[in-house]
Amino acid sequence: MKRPSFSFLTPVLTPVRVAYASLPFSVRRWTMPILLVLFFVVALLSPSFINLYWQQVLIYVGINIILTASLNLVNGYMGEFSVGHAGFMAVGAYVASILTVWVFPRWGLEAYIAYLFPIALLVGGLAAGLTGLVIAFPSFRTRGDYLAIVTLAWNMIVKSVLENIDAIGGPRGFMGMQKLTSVAWVYVWVVFTIYLLRNLVYSNFGRGTLSIREDEIASSLVSVDTRKVKITVFVVAAFFAGIAGGLFAHIIQFINPRSFSILKSTDVLVMVYLGGISSLGGSILGATVYTVLLELLRPLQVWRWVVGPLLLVLLMIFRPRGIMGMQEWPFLIPREERAERVAALMERIRGRREAFAATAPVGGSSD
Amino acid sequence: MQTLIQQVLNALQLGSVYALIALGYTMVYGIIRLINFAHGDIFMVSTYVAFFIGTALMSHALRLPGIVAFGLTMAAAMMVTALLAVLIERFAYKPLRQAPRVSAVITALGVGLFLENFTLATIGPDPRFLPRFFSVQTFTVGGVAFSNIQIIIIAVSAAVMLLLDTIVRRTMVGMAMRAVSWDKSTAPLMGVPVDSIISITFAIGASIAAVGGTLFGMVYTVDPYMGIRIGWWAFISAVVGGIGNIRGAMVGGYILGFVEIFTPVILPASTYRDFVAFSMLLLLLIFRPYGILGRPVAQKV
């Protein structure tokens, strides 16, 4: 497959790049914070210039980014295969909703509900994180297919339990949430999620996670505490799924157990593998592309649900790495690591050049 | 006591269907180590095939006797479904045989969802009924009432399972299947055509699911999403029995049949049945991950 060429942009981009690179680091380090604040302001003001429908799409994009990035931590970076992400989302959604609908008003805090919303989300996330232990402990004993079945069973159990608790509506669902989720809130949570996951992935702990993916036994031999890593990864992923669930509940304002079925989990899986495993940038792209694509396909009605699965199958066959599997946007890689990678790349290029020079008289390279 | 026997009969009836579908899961897993999540939806397609062909055959113009129409419907469903499964294997799974196993599992999930939504988009969501091949007769023996349909379901399933067991244990094809399952790289050296054997496995698994589908359609309604629930339950059956183990799948199917029928008897509501089944699965996977009849696999370092 040929990559799309953007070479016509080179005359414009190169001078900009050169000029930017010539700035001292003390200036360049502020680029990202300034951009983030700028985007935040735009997100804050967005209700005044984007219509409700596209605001909602943006919010779904954000929620899906959180879900995708957090599942990528388990499925991509740790190499396990979890298919029950919607289960954690459900826990977060229900806990956060119960807090904002029942608990806070009962404490007479109804007037401050907009400020308490992040607390509700955090509590929902923590509850979901706790239930992440349900998956973490079986993962000590089983791996691969069987762990996938465990996560699946977990998703089904959550759905079944929610259907049987009549106090929170059972199969009829739970409603009464205010529309507290806004573009700005989602933006903040997305930035927080990506920032935290990036720091996690590139930390010492993150190396442990990657080593489990490559070979669990070997990594335990080089003193990676595999149990601790697994617990942390599952809990963190579940926590963010719970946050996403809370945000989801407060935009759609009505949740029922069916919204968190295996279909939802499959959607997240599609986004992870569309974006590419072990790539936060890929998760952002995957979630965005898939969400917007489904919105654009809305005129197709039921047929649009045929597109997602078909896309997934074709993707797995023709481009199993997704859009940018195992690759990362440079700005999501910490600076030291980036420098190391550039050095390694230069080394490789030099090696190749020397090898080419040695064989040059024969002519023609296979490169 | 009479209700108990009655419930046991119901459980056997449902368990037979689960066991038939579980066989497909377990055979495919045994041979290429793939959890074929699309199998439940292949079963769903088979009931639709049975519905369309059965309705055509039972139309008044033909005046076929019920047993002939039933046999033809089942045979047609088996053939169409086997073809579908072979096509799915050929186009969706075969290109991924060298890829990481997760890719194939995700593809299977995708194929399943595709079948569901495609059926929904083309045929529509309304539940449908298979035509009555036999007039329902109810017998009462010692206070226990049972119908001829129930007997047919239990008997046909048992016969098919016996046949499959014989095929796998006594024929050359069965031996080849076991050989591929045992060692996929050595089997071709002994002259076993691995690709054909895998296709045959998919075909057999799907046609058994079609037997289950036709029988299931005689009692319950048919809708595009039925494959999800029945498929999952059959899948749990396969895992409970020890996935990859054919006799295990049969045992697991009946166990799940009993769980489904007896959950409402013991617990307050039938809505707890998913909870019970999946909790059972979870506990089993934690304490005996290789199932009731499976053998533990030691990992080589």
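## A nonpolar patch on chain A

In this predicted model, Val37(A), Val41(A), Val42(A), Leu44(A), Leu45(A) and Phe49(A) make a nonpolar surface patch of about 560 Å². A patch here is built from residues with over 30% relative accessible area and no salt bridge, with nonpolar side chains (Val, Leu, Ile, Met, Phe, Trp, Tyr) joined within 5 Å and like charges within 9 Å. The areas come from the Shrake-Rupley method with a 1.4 Å probe, and for residues only the protein chains shown count as cover. Phe49(A) sits in the loop between helix 3 (31-45) and helix 4 (52-77) of chain A. Helices (H or I, at least four residues) and strands (E, at least two) are DSSP runs, numbered from the N terminus. With 55% relative accessibility, Phe49(A) counts as exposed; the classes are buried under 20% relative accessible area, exposed over 50%, and partly exposed in between (1.4 Å probe, protein chains only).

Some of the patch residues also meet a partner from elsewhere in the chain. Ala184(A), in helix 9 (residues 183-201) of chain A, is buried with a relative accessible area of 9%. Leaving aside residues up to four places away in sequence, Ala184(A) touches Phe40(A), Ala43(A) and Leu44(A), where contact means heavy atoms within 4.5 Å. Ala184(A) and Val41(A) are 8.1 Å apart in space, C-alpha to C-alpha, and 143 residues apart in sequence.

## How to read the values

Residues are numbered from 1 along each chain as its sequence is written, while chains are lettered from A and ligands numbered from 1 in the order in which they are written. Local features need pLDDT of at least 70, side-chain atom pairs count only at pLDDT 80 or more, and totals for chains, interfaces and linings use all residues, with side-chain values using heavy atoms and leaving out hydrogens and water.

## A positive patch on chain A

Let's turn to charge. Arg28(A), Arg29(A), Arg335(A) and Arg338(A) form a positive surface patch. Lys and Arg count as positive and Asp and Glu as negative, while His and the chain ends are not counted. The place of each charge is taken as NZ of Lys, CZ of Arg, CG of Asp or CD of Glu. One of the patch members, Arg28(A), belongs to helix 2 (residues 25-28) of chain A and counts as partly exposed at 31% relative accessibility.

## Salt bridges in chain B

Side chains of opposite charge can pair when their charged atoms come close. A salt bridge is a side-chain nitrogen of Lys or Arg within 4 Å of a carboxyl oxygen of Asp or Glu, and over all chains the count comes to 15. Chain B has a network of them that links Glu89(B), Lys94(B), Arg97(B) and Asp195(B).

Within that network, Lys94(B) and Asp195(B) meet at 3.6 Å, N to O. This pair links distant parts of the chain, 101 residues apart: Lys94(B) is in the loop between helix 3 (66-93) and helix 4 (101-123) of chain B, and Asp195(B) is in helix 7 (residues 194-219). Asp195(B) also forms a salt bridge with Arg97(B), the closest N and O atoms being 2.6 Å apart. That second pair spans 98 residues, with Arg97(B) in the loop between helix 3 and helix 4 of chain B. Lys94(B) is partly exposed at 29%, as is Asp195(B) at 36%, and Arg97(B) is partly exposed at 23%.

A further salt bridge joins Arg247(B) and Asp165(B), whose closest N and O atoms are 2.8 Å apart. Arg247(B) lies in helix 9 (residues 246-266) of chain B and Asp165(B) in helix 5 (residues 148-170), so the pair ties together parts that are 82 residues apart in sequence. Arg247(B) is partly exposed, with a relative accessible area of 39%, whereas Asp165(B) is buried at 14%.

## A contact between the chains

Asn164(A) is found in helix 8 (residues 145-164) of chain A. Not counting residues up to four places away in sequence, Asn164(A) touches Thr271(B) and Tyr272(B). At 17% relative accessibility, Asn164(A) counts as buried.

## Backbone angles worth a look

Most residues other than glycine have a negative phi. Ser223(A) has a positive phi near 65°; this residue lies in the loop between helix 11 (216-221) and helix 12 (226-252) of chain A and is exposed at 66% relative accessibility.

On chain B, Arg33(B) has a positive phi of about 55° although it is not a glycine. Arg33(B) is in the loop between helix 1 (2-32) and helix 2 (39-57) of chain B, and is partly exposed with a relative accessible area of 36%.
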